[in-house]
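Colleague: I should like to learn how to read the features of a structural model, one at a time. Please give the general idea before each case.

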Amino acid sequence: MSNTPMAASPLTRAVLEIDEYASGLGWDQPARLFALVDTARLRAEEPALAAQLGLDDEPESSGLTPIEQDEIPANSPLDEFLATIAWPDAVAGCALTVERLMLPPSAEASVPEGLDDSKLARWVAEHPDRQEVRMTVAVLRDGARESALRLREKDAPTEVLTGSGLVPGLAEALAATFED
């Protein structure tokens with residue numbers, strides 16, 4: 001049984017469920033991609049799969065079920081990989097969980113000019129104010145978005161920040177996977 005708290009929307013619940021799953025795997029994990037499917041439709045159209053996922057034991061008949069996809073290639077930049085994805089009609093949305101280093105906005109002014117991507121990444125990794133963060137971002141075909149952020153130094157379910165606009169660039173990249 002999930003420890004995910006009840007949330008206002010099925011999308012928020014799905015994001016928190018994925019965050020909880022990723023948290024259970026620990027830190028320093030690769031990015032993970034999930035298809036989000038309508039739970040009621042999954043039960044009706046794929047009862048064997050629903051049973052395999054343990055959905056026949058849950059009382060909730062609505063909502064979204066995250067289904068982890070194949071591993072994202074480690075040598076492929078995330079934006080390039082996402083550009084190759086096309087989802088079948090049965091997929092209502094998708095989600096991605098990824099770990100990154102972040103700096104506070106106050107550090108922006110001190111970024112040295114002229115750094116290439118690898119030098120910038122090294123500079124961020126060595127910055128004393130860096131924070132390790134796990135981002136879980138989800139989008140639906142209808143445009144709905146939700147995100148969860150978990151800092152490594154505050155790694156507790158009660159410290160997870162949620163909101164629809166927390167990681168807009170990643171949400172845009174995920175939404176683009178549904179464009180024709």
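Modeller: Let us begin with the term cavity: on a 1 Å grid over the protein atoms alone, a cavity is a set of points where a 1.4 Å probe fits but cannot get out, whereas a pocket is an open set with protein on both sides within 12 Å along at least five of seven lines; lining residues have an atom within 4 Å of a point. Grid points are joined across faces, edges and corners, and a volume is the space filled by probe spheres set on the points. The model is predicted: local features need pLDDT of at least 70, side-chain atom pairs count only at pLDDT 80 or more, and totals for chains, interfaces and linings use all residues. Residues are numbered from 1 along each chain as its sequence is written, and side-chain values use heavy atoms, with hydrogens and water left out.

Colleague: Which residues line the largest cavity?

Modeller: The lining consists of Ala-22, Leu-25, Gln-29, Pro-30, Arg-32, Thr-97, Val-98, Glu-99 and Arg-134. Helices (H or I, at least four residues) and strands (E, at least two) are DSSP runs, numbered from the N terminus. By that naming, helix 1 and strand 3 are the elements that give two or more residues to this lining, and the largest share, three residues, comes from strand 3. The volume of the cavity is about 50 Å³, and one cavity of 30 Å³ or more is counted.

Colleague: Two of those lining residues carry charge-bearing side chains. How is a salt bridge to be read?

Modeller: Side chains of opposite charge can pair when their charged atoms come close. The criterion is a side-chain nitrogen of Lys or Arg within 4 Å of a carboxyl oxygen of Asp or Glu. The structure holds eight salt bridges. One of them joins Glu-99 and Arg-134, at 3.8 Å from N to O. Glu-99 belongs to strand 3 and Arg-134 to strand 4, so this pair ties together parts 35 residues apart in sequence.

Colleague: Are Glu-99 and Arg-134 buried or exposed?

Modeller: Buried means under 20% relative accessible area, exposed over 50%, and partly exposed in between (1.4 Å probe, protein chains only). Both Glu-99 and Arg-134 are buried. A second salt bridge links Arg-145 and Glu-172, at 2.8 Å from N to O. Arg-145 lies in strand 5 and Glu-172 in helix 6 (residues 168–175), so parts 27 residues apart in sequence are tied together. Arg-145 is partly exposed at 25% relative accessibility, as is Glu-172 at 46%.

Colleague: Which residues are joined into one network by salt bridges that share partners?

Modeller: Arg-150 and Asp-155 meet in a salt bridge of 2.8 Å, N to O. Arg-150 is buried at 3% relative accessibility, while Asp-155 is partly exposed at 34%. Through shared partners, Asp-19, Arg-150 and Asp-155 form one network.

Colleague: Asp-19 brings us to helix 1. How should the length of a helix be judged?

Modeller: The expected span is 1.5 Å times one less than the number of residues. Helix 1 (residues 10–25) has 16 residues and reaches 23 Å from its first C-alpha to its last, close to the expected 22 Å. Its buried residues include Leu-11, Val-15, Ile-18, Asp-19 and Ala-22. Among the elements that cover these buried residues are strand 1 (32–38), strand 3 (93–102) and strand 5 (145–151), where contact means heavy atoms within 4.5 Å.

Colleague: What should one look for in the backbone after a helix?

Modeller: Most residues other than glycine have a negative phi, and most peptide bonds are trans. Just after helix 1, Gly-26 takes a positive phi of about 90°. Asp-28, a residue other than glycine, also has a positive phi, near 65°. Asp-28 sits in the loop between helix 1 and strand 1 and is exposed, with a relative accessible area of 56%.

Colleague: Finally, how is a nonpolar core read?

Modeller: A nonpolar core is a set of buried Ala, Val, Leu, Ile, Met, Phe, Trp, Tyr and Cys residues joined through side-chain atoms within 4.5 Å. The largest has 27 residues, and those with the most contacts inside it are Leu-33, Leu-82, Trp-87, Leu-96, Leu-170 and Leu-174. Strand 4 supplies the largest share of this core, four residues. Apart from it lies another core, of 13 residues, including Ala-14, Phe-34, Leu-64 and Ala-148.
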